[in-house]
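Notebook open, coffee ready. I want to look up a few spots in this structure and jot down what I find.

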Amino acid sequence: MLAMSIRITSLLLISLAVVSAFSPADHYLIDCGTTEPTVVDLDHRTFTQDGSSAVLSATKSFGLKNSNPDPSLSPIYHTARVFTKPSDYKFKIKEKGTHLVRIHFHRFGFKNIGGTCHDQFHVSANGYVLLHNFAAPKGSPIIKDFLIWVDDDELVIRFMPADRSSFAFVNAIEVISAPKDLIPDEYVSSDQNDRINIRHAYETMYRINVGGVKVTPFNDSLWRNWVPDDKFLKLSDASLKSYSKIHFDGRIQYHLGGASREVGPDNMYNSARMISSLNDSIPKLNMTWVFPVEKRFSYLVRLHFCDIASISLGMIYFNVYLNGNLAYENVDLSTLTNYVLASPFYADFVVDPEKFSDAIRVEIGPSNLSRSHAVDGILNGLEIFKMDNSWRSLNGEVCVDQLESKNRSNGQMSRLLSLTGAVCLLAIAFLVMRRKTEVKDSFGWSRVPVDVSEIDLKSSFPKSNGVEV
C-alpha cells in the first residue's frame, strides 16, 4: 500500500460473480397514494397500491392525486401519500442481505394538507438515517437510490415530519433483493492483510456511462439510470487530440469471476472513452473526471472496465488515480479478464474524505508499461456511493434515536400545550360566568380577551382532509 495523504483502499472481490439470470427473492413495487389496484410505469413494471396493503402502517396519512399530471411522466408520479405523523412502510424480508431501496419524490402542487405548511421530513430504514430535513424541490421527479444491508426479517422505512408545521410525502417505493455480487459482504485489501466489512448503507451519488448515451431503467436488469459523463469530464486542447469515444457493436463477454449483467449492463460496457497515442510517443496526460461530494463521509468508488478497443490481447496497460494519488498501477485487463477481449471487470476503492476537498477526482492515464500505437487507458463506467458514517447516517451527524426522540418530544409538547390551552379556556369561562352572576344588571365590567382561539385548539389535533389510514 502506498503512503498517501488520504486513505484510498483498493478492494478485491472475495465472492465470484453469478452469470445466471437474476430473480430477486424480495421484490416490492409500491405506488403510494393511489386507489388503483395496480399501476404500470413507463418501464412496463407493475406497481401495487399502498392504501389497502399490509405494508403501510400510518396513524395520520392520506392520498393525493394530481388533477393535471404531466403525461410524459410515469403514472407513479401522478399520486402521493402524505403523512402528518410518523408513519412506516413494513416489508417482510425473505432473504437477508443487501437490498436496493429506491424512494421516488415528485411534488406536484399539494393542497389541502391541513395545518401543515411545508414539506420537510426525515426518512430512516432499520436504524439508518437516509434523509434528514429533506424537502423535495419542485419540478422534475427525484429518485433517492440506496443499498441497505438487512439482517432482520423486516425492513421498516419510516417517514417523519420535521416538526408540527411540516408534512412528509412519497410517490413510490421499491425494495428489491440485490444480487450477491453487487455489494459483497466483505472485501480483502489489496495487500491481503485486512478484511473490510462492507455491511453499510450506501446512497448512490453518481452512476455514469462513460463515452455513451443515457441508459434507462428499461435497458438495465436492476432498473437503474446511467447518465453520460460529458459534464464531469475535464478537457484541454491537448486532451482533445488524445481522448476519443468508442462504441462496440459486438457481444459483451460476461464470465464467472468478473462483472455480471447486474453489476453493469451491456449498454454501459459497450461504450467507453479511451486515451491512445497518435504516433510513436505515448501521451503524457490523463483523462480526468471531477465529481462534487459532501465532506465528512467516506465513498465507495467503483470503476468499470471492458476492453472493447484493443485488436489483440496484452496491449493495454494504464494507471488509475484518485484525487491525484496512485490507486491502481499497471492495470492489465487481459490478465484480469482471463485473456478475453470485451470481457467486463470492475474495481472498487474506498476513499476517506478527511483530508481532501469537496470533490472526488478520477484520472485514467498511461503507465510505465504502456505501448505506443496502442490503447493507453480506458474507462467504460463509474459509480460513486456515499457510505453511512459512525452515526449510521447518510445525511448529517444525527442518528435515528435522536430523530425519533425529537419527534416524541414534539408530540408530547403538542399534547401538553393543547391540554394547557383547554384548562385555561375553562378557567376563563368559569370566571366570566361568575362575574356575570355577580353583576347581573350592571355594565361595570369589560369582556376578558381570549388569546387562544378555537382554530388554534383544533390545529393541535390535526385532521386529514383525505382518506385516513
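Before anything else, a term I need: two strands count as paired if DSSP finds at least two bridges between them. I also remind myself that this is a predicted model.

**Entry 1: strand E11**

I began with E14, residues 154-161, and found that five bridges join E11 to this strand, the two running antiparallel. In that pairing, Val123 stands opposite Phe159 of E14. Next I checked E12, residues 128-134, which is also antiparallel to E11 and is joined to it by four bridges. There, Phe121 has Phe134 as its bridge partner. I looked at the hairpin of E11 and E12 too: two residues sit between the strands, and Asn126 takes a positive phi near 45°.

Why is E11 described as largely enclosed by the rest of the structure? Five of the five residues in this strand, 121-125, are buried, so that description fits. For my own use, buried means under 20% relative accessible area.

Which residues cover each face of E11? I noted Phe121, Val123 and Ala125 on one side, with His122 and Ser124 on the other, all buried. This reminded me that side chains in a regular strand alternate between the two faces of the sheet.

**Entry 2: the cores**

I then looked for nonpolar cores. The largest has 53 residues, and among the members touching the most others are Trp289, Phe291 and Phe305. Apart from that one lies another core of 42 residues, including Val123, Ile30 and Phe146. So Val123 from E11 turns up again here. A general point for the margin: in soluble globular proteins, nonpolar side chains tend to be buried together.

**Entry 3: Ser87 and Ala58**

Is Ser87 buried or exposed? Its relative accessibility is 1%, so Ser87 counts as buried. I placed Ser87 in strand E8, residues 87-92. The Ser87 side chain reaches the backbone oxygen of Lys85 at 2.9 Å.

Which residues touch Ser87, once I skip its neighbours within four places in sequence? My list has Ser57, Ala58, Thr59, Lys60, Ile157, Arg158 and Phe159. Phe159 was already in my notes as the residue opposite Val123.

Ala58 made me curious, so I followed it up: Ala58 is buried, with a relative accessible area of 13%. Ala58 belongs to strand E5, residues 56-58. Last thing I looked up: the C-alpha atoms of Ala58 and Tyr89 are 8.1 Å apart, although 31 residues separate them along the chain.

Key
Residues numbered from 1 in each chain as written. Predicted model: local features only at pLDDT ≥ 70, side-chain atom pairs only at ≥ 80, totals over all residues. Heavy atoms only, no water. Buried < 20%, exposed > 50% of the residue type's maximum accessible area, 1.4 Å probe, protein only. Polar contact = N/O pair within 3.5 Å; in protein donor to acceptor, adjacent residues only side chain to side chain. Contact = heavy atoms within 4.5 Å. Core = buried A, V, L, I, M, F, W, Y, C linked by side-chain atoms within 4.5 Å.
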